[in-house]
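Student: Pick one part of this chain and give me a close look at it, please. After that, work outwards and tell me how the rest ties in.

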Amino acid sequence: MSALSERPANPLVGQDVPHESAALHVTGAALYTDDLVVRTHGCLHAYPVQAPHAHARVTTLRTSPALEVPGVVRVLTADDVPGVNDAGVKHDEPLFPSEVMFYGHAVCWVLGETLEAARLGSLAVEVEYEVLPALVSVRDAIEAGSFQGGQPRMERGDIDAAFGSASHVFSGELEFAGQEHFYLETHASLATVDENGQIFVQCSTQHPTETQDIVAHVLGRPSHAVTVQCLRMGGGFGGKEMQPHGYAAIAALGATLTGRPVRVRLNRTQDLTMSGKRHGFHAQWRVAFDDDGRLQALDATLTSDGGWSLDLSEPVLARALCHIDNAYWIPNVRVNGRIAKSHKTSQTAFRGFGGPQGMLVIEDILGRCAPLLGLDAMDLRRRNFYTEGQQTPYGQPVRHPERAAVCWDQVRSSAEIDRRKAEVERFNASHRDLKRGLAMTPVKFGISFNFTAFNQAGALVHVYKDGSVLISHGGTEMGQGLHTKMLQVAATTLGVPLHTVRLAPTRTDKVPNTSATAASSGADLNGGAVKDACEQILDRLRVVAAGRLGIAPADVRFGGGEVTTVGGGRSVPWAEVVNQAYFQRVQLWAAGFYRTEGLHWDSSVMHGSPFKYFSYGVAATEVEVDGFTGAYRTRRVDIVHDVGDSLSPLVDLGQVEGAFVQGAGWLTLEDLRWDESDRSTRGRLATQAASTYKLPSFSEMPEVFNVALLERAHEDGAIYGSKAVGEPPLMLAFSVREALRQAAAAFGPPRVSVDLASPATPEAVYWALEQARRHTEHGHVVEGAPGAVPDQPDVDAHPLRPHSERAAQPAPVRT
């Protein structure tokens, strides 16, 4: 067992500890960025002037009428930028664009004494446009050949030979939507400038260092002239990893030019129409199986809808390719990736970061092909699991693949799957217009940033003369409980009670050059850095304590707020040892550092070991579908998820539950719609409010929701044997979509394969079950059946190979 993962006796990690800000959250006392405005004297408010076209050239911009509006102080334009007019790390995102690239693109910002004054001023700004052709859908971009960024390929084995010798070959097409983050707190920044010209930005950001970089870049200042603090976020989910930088730069630019504090806070409609979302994808695929239903080959092309600029689209696509295998061994693989450039918001990181999109492709394939192979979908999935000694398509050995099997068997047993499957069959046989479905799906998700350099973190730990402890680290808190875990890590390492330790807000002048709190790596990276800093302090205190106790430093132990000898003999209170160390002029603070070892990745050939480890999980979901409307309810969900030796079980259980529900929202409810007509509103986001964009609510919660953390799952080489939890459980929601597919298929004859759009809204489920009803006994699709989603291609009847015993059946239809 490594020193990093070994736990001392009676550790505070692993205990059920409430979220460190839980009481503040539920009482409304927790402060967020925009709450600081009322504490800031003389604050100006910024309001955007948004373009009413998806693609247009700005030909005239007249700001003088706005300055005549009472309360308007200034209008910010490209001419005001002292540095570089760009807010993206790829230098493809003009802060003040001369060419509008999506409907709602901000062309300038108005500063006012009040928000209402700024709003009225924005209406007074006169802008003339030359309207240009707009590519709105991913299919528009594909047909136009509009792509951006790299086009990676991941390949292993002999694809052509595998397809040539396969018993069963299917092909298909899948297009699925993105997802709005819909965090409770919209984008917010508050910038001030002191008497020395130092810029201080309070920002709701997952990546304070990059926010600092972009603000400095726009202002033409060095990074040391800009300090960014993130107090806490009211949700992030990846939407505040890259997207806050431009808004922070607007606030900082306004503060620099006016000498007054400037606040940027988007209202909900602005946030929805201006900020990026989860990438939608289009996938074309061909798959081969042997006679036993084992995967032999997969050939696929994944096209992500990147929107108007690159943002994080390249690493999102790379992770999608790296997760197209999910938990399944596929000996021969060829997957091509490309990023469509469309005239929509610049799509960005979202919980799972491409992993869910890649995994959805293989889960959709298995769900559609199982009945055509004459196999139960659960059995087809289980027989294709990775086993010891196998590698991913990109060449990384799969460690602990047996954990997926253990999770599977535990869910199958605890959820009484075999008994309930029989019950579902009996129910379906006796109910013509109401059907149930029961599905199980696994998750294997790689943990670490694909970009190796990001896998580092820092921390600063102060021990004060009275023994109290203050820690700062580079991670940000967005409600996920990272700060709670860091408090437990520090208290465990130092051997002090939890109340002894306090955590300071994340600031770039305390811990510099930090990575984003993303990729589910926040606890791994920052926990390692906090532990390193604490151990440096303990090494110094151990010498002080040894002198006082009359023993060798190696025999000193710290625990429970006491410093003792080996075996628990004599003891001295922690605070006394700390105070004594101060008078002996011993340093009582330390800067810790951690970097993830063992990673290597060559993105040019998509090969290497980019992940520290894999997280595993399994979910089983039972649903009930109404045959008249497609409406459904989730009757029961059972989950077993691998978080290693949990640092904070209450936090981890909450993360599993929340991620699952968010994943279910993406797959079944949350339907992003843009206007694809040829009207003047082409490219406008139609679902720009909670009234039109449906989020999961209490009514969509499972009636029975059982979540268990996998036991005896220690992860060697990770902080106190734990594993990441933020993203992997989101993909457990595939079980909901597959259960809906099973229920829809139950309206037709046995062995019917149905398409299911994503998101699987009640409307989509209705068309799927209608498709099942129109199948003949042998599974052919009736011409003209409304089984396909409107405006999609016709059925692609790619038959099974002639030597197959089921050669007469068509492949899964295209969605």
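Tutor: Ser520 lies in the loop that runs between strand E21 (506–507) and helix H15. Bear in mind that this is a predicted model. The backbone does something a bit unusual-looking here: phi of Ser520 is positive, about 60 degrees, although the residue is not a glycine. Ser520 counts as buried, because its relative accessibility is 13%, and the cut-off for buried is under 20%.

Follow the chain on from that loop and you're into H15, which spans residues 522–549. Its packing partner is helix H16 (residues 574–583); the two axes are 10 Å apart and cross at an angle of about 100 degrees. H15 and H16 are therefore roughly perpendicular to each other. On the H15 side, the contact is made by Leu538, Leu541, Val544, Ala545 and Arg548. H16 answers with Trp574, Glu576, Val577, Val578, Gln580 and Ala581. Sort the residues of this contact by class and you get 8 nonpolar, 1 polar and 2 charged.

Now for the cores. In soluble globular proteins, nonpolar side chains tend to be buried together. Here the largest nonpolar core has 101 residues, and Val287, Phe289, Leu302, Phe660 and Leu740 have the most contacts inside it. Strand E28 (residues 613–626) gives the most to this core, with 8 residues. A second, separate core has 51 residues, among them Val13, Ile471, Val544 and Val578. You've met two of those names already: Val544 of H15 and Val578 of H16 both take part in the helix contact.

Back in the largest core, Phe289 is worth a click. Not counting residues up to four places away in sequence, Phe289 touches Ala166, Ser167, His168, Phe170, Arg294, Leu295, Gln296, Leu366, Cys369, Leu373 and Leu380.

Ile159 belongs to helix H5 (residues 159–165). Ile159 is buried, at a relative accessible area of 3%. Leaving out residues up to four places away in sequence, Ile159 touches Ala297, Leu298, Asp299, Asn332, Val333 and Arg334. For a sense of scale, take Ile159 and Gly550, which are 391 residues apart along the chain: their C-alpha atoms are separated by 70 Å.

Helix H3 (residues 115–124) shows how burial can be one-sided. Its buried residues include Ala117, Ala118, Gly121, Ser122 and Ala124. These cover an arc of only 155 degrees around the axis, so they lie on the same side of H3. What they pack against is strand E1 (44–50), helix H2 (64–67), strand E3 (72–76), strand E5 (106–112) and strand E6 (126–131).

Two more backbone spots go nicely with Ser520. Phe237 also carries a positive phi, near 60 degrees, in a residue other than glycine. Phe237 is in the loop between strand E12 (226–230) and helix H7 (244–258), and at 27% relative accessibility Phe237 counts as partly exposed. Then there's a cis peptide bond joining Ser758 and Pro759, with omega about 15 degrees. Pro759 is in the loop between helix H18 (734–745) and helix H19 (762–773).

Last stop: Asn428, in helix H13 (residues 417–430). Asn428 counts as buried at 13% relative accessibility. Its contacts, leaving aside neighbours within four places in sequence, are Leu434, Lys435, Arg436 and Ala746.

Note on methods:
Residues are numbered from 1 along each chain as its sequence is written. This is a predicted model: local features need pLDDT of at least 70, side-chain atom pairs count only at pLDDT 80 or more; totals for chains, interfaces and linings use all residues. Side-chain values use heavy atoms; hydrogens and water are left out. Helices (H or I, at least four residues) and strands (E, at least two) are DSSP runs, numbered from the N terminus. Buried means under 20% relative accessible area, exposed over 50%, partly exposed in between (1.4 Å probe, protein chains only). Contact means heavy atoms within 4.5 Å. Axes are lines fitted to C-alpha atoms, for helices over the stretch in contact, and angles run from 0 to 180 degrees between N-to-C directions. Angles under 35 degrees count as roughly parallel, over 145 as roughly antiparallel, 65 to 115 as roughly perpendicular and the rest as oblique. Ala, Val, Leu, Ile, Met, Phe, Trp, Tyr, Cys and Pro count as nonpolar, Asp, Glu, Lys and Arg as charged, and the others, Gly among them, as polar. The arc is that of the directions from the helix axis to the C-beta atoms. A nonpolar core is a set of buried Ala, Val, Leu, Ile, Met, Phe, Trp, Tyr and Cys residues joined through side-chain atoms within 4.5 Å.
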